[in-house]
Amino acid sequence: MADTPAGKLFAGRCMFVAILLTIIFVQLMPLDALPRRWPWPDFMLVATLVWVARRPGFAPFWIIAVIFLLADLLFQRPPGLWAGLIVILTETLRKRTANIRNMPIGLEWGTVAVGIISVTLIYRLVMSVVLLPQTPLGPTLIQMGMTILFYPLVVAVAHLIFGVSRPAPGQVDNLGHRL
Amino acid sequence: MARHDNSDDFIGPVRRLLVGFVVFLLLGTFLIWRIDSPRVERFRLAVIDRVVPSFSWAMAPVTGVVDLVSDFQSYQQLAAQNDDLRRELQQMKAWKEAALQLEQENARLLDLNKVSLDPKLTYVTGVVMTDSGSPFRQSVLLNVGKRDGIIDGWPAMDGIGLVGRISGVGQNTSRAILLTDTSSRIPVTIQPSGQKAILAGDNTLNPPIEFLENADLVRPGDRVITSGDGGVFPPDLLVGQVALGKDRRLRTRLSADYGRLEFLRVLRAQPHEDIFDPGGLLAPELPTQDQDDG
């Protein structure tokens, strides 16, 4: 089934959805209720960005919108704001995929880091504009930094385990379309 | 993306329109939530009510395995643990004797005073299904809800101390905001000095004590119990002990074991009886009207 291009696309999307749902699932597990000093990175955001930068076809915007809205609802965040910002971020990245494909990994990392920082800042800005209680600044910045630091790691994992890599220049799919 | 297809000119704008629509929808949801929060929160609870119980079949074994591994690590020090437990048991026996004597004495004194204890605090026990999933919010989801008669604002305890309060009730699930959450504020009394204060969660394990009138009367080790001020929260539930933090602030070492929240008791707190009548004047009976005229 995964031999036809449509099947491959479908399988890739299913895998993307499965990975995001697994991340939600793991974060919800009631292992301990202790507040931790070092917040973990935002794995959902990193995974999404890796997929969008490397194989945008596997991560269509409607999947991102639905799953991030679900995460907003489950994680007690203001519903819709983070999801909306992520969709905007991934769409701007998607427009640049053609350029990102030819970048060295460092430059790609930089582009994504700028995206993460701006989306975090805009999120905080909007929260303060509509007078919502904010999460403390320190841990938020730490989480943002961790998210950026984890990007190459997730790229490696996605490449080695899930086979999500940049298409080589001139690579074509089975029907001869350029990827 | 079909970049080099002829259909590109056709798909591009439609797709852009769709993306714009979805973003508009998401941000619109946020604005509606900001304007009319209760309705959207009810929607959120309905979604959680639907989604999370379907997770639980997978969540239970995974959590079990992880707990097993962490338990196994503790089994490695089994011999040392056994010694510790034996020593503790010795001490406990002495305590038990003391407790029995105190209980008898207490019963005698209560009998002398003709005190009737308050039978109001009964409870519903729920199982913790998930935690909040975010490092910035401290709450747990319980598997009891409206179906079991849970009401917003009821306190949740583990076997020993207060854990949090119910905030958000779905049909089958309810959310308990822990005392460590940044939005948690509980009125407390510090015994034995009787000082009133507010326990304000700040996302650390030991929440600070705020609005204390006279900090000199409070020493580390004093007991912290809820005061019931404001009439929202029932009084006299054990919270923890006062401790002095590294930053020289008075904090609370919580009695509840936050490392293993598994079962929580949700207390059926009765609402306070309010006194509406300002109290009549106690006076001799007034003379009637016709006597005044005459």
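These are my notebook entries on a predicted model with chains A and B.

**Entry 1. Chain A, overall.** I began with the secondary structure of chain A and found seven helices and zero strands. Read from the N terminus, the order is α-α-α-α-α-α-α. I then looked up burial: of the 179 residues in chain A, 38% are buried. For contacts in chain A between residues at least 6 apart in sequence, I noted that 71% join residues at least 24 apart.

**Entry 2. A:Gln27.** I located A:Gln27 in helix α1 of chain A, which covers residues 5–28. Is A:Gln27 buried or exposed? I count A:Gln27 as buried, because it has 20 C-beta neighbours inside 10 Å, and the cut-off for buried is 20 or more. I also looked up its separation from A:Ser118: the two are 91 residues apart in sequence, and their C-alpha atoms are 24 Å apart in space.

**Entry 3. Backbone angles in chain A.** I went through phi values next. Most residues other than glycine have a negative phi. A:Gln76 is not a glycine, yet its phi is positive, at about 60°. I placed A:Gln76 in the loop between α3 (61–74) and α4 (81–95) of chain A. A:Leu131 also has a positive phi, near 60°. I found A:Leu131 in the loop between α6 (105–129) and α7 (137–160) of chain A.

I then asked which of the two loop residues is buried and which is exposed. A:Gln76 has 22 other C-beta atoms within 10 Å, so I list A:Gln76 as buried. A:Leu131 has 8 other C-beta atoms within 10 Å, so I list A:Leu131 as exposed; the cut-off for exposed is 12 or fewer.

**Entry 4. A peptide bond in chain B.** I checked omega for the bond from B:Gln191 to B:Pro192 and found a value near 10°, a cis peptide bond. Most peptide bonds are trans. I placed B:Pro192 in the loop that runs between β6 (185–191) and β7 (195–200) of chain B.

**Entry 5. Domains of chain B.** The domain assignment for chain B lists domain 1 (13–70), domain 2 (81–117) and domain 3 (123–267). I looked up the distance between the C-alpha centres of domain 1 and domain 2 of chain B, and it is 49 Å.

**Entry 6. The nonpolar core.** In soluble globular proteins, nonpolar side chains tend to be buried together. I looked up the largest nonpolar core and found 88 residues in it. The residues with the most contacts inside this core are A:Ile86, A:Val87 and B:Val163. From chain B, domain 1 (13–70) and domain 3 (123–267) each supply at least three residues to this core.

I followed A:Val87 further, leaving out residues up to four places away in sequence. In chain A, A:Val87 touches A:Phe61, A:Ile64 and A:Ala65. In chain B, A:Val87 touches B:Val19, B:Val22, B:Val23 and B:Leu26.

**Entry 7. Where the chains meet.** How many residues of chain B are in contact with chain A? I found 44 residues of chain B in contact with 41 residues of chain A. On the chain B side, the elements that give two or more residues are α1 (8–35), α2 (37–75), β1 (123–131) and β2 (139–142). The element that gives the most is α2(B), with ten residues. Sorted by class, this side of chain B has 26 nonpolar, 14 polar and four charged residues.

Definitions and conventions:
Residues numbered from 1 in each chain as written. Chains lettered and ligands numbered in written order. Predicted model: local features only at pLDDT ≥ 70, side-chain atom pairs only at ≥ 80, totals over all residues. Helix = DSSP H or I, 4+ residues; strand = E, 2+ residues; numbered from the N terminus. Contact = placed C-beta atoms within 7 Å. Domains from an automatic or database assignment. Core = buried A, V, L, I, M, F, W, Y, C linked by C-beta atoms within 7 Å. Nonpolar A, V, L, I, M, F, W, Y, C, P; charged D, E, K, R; others polar.
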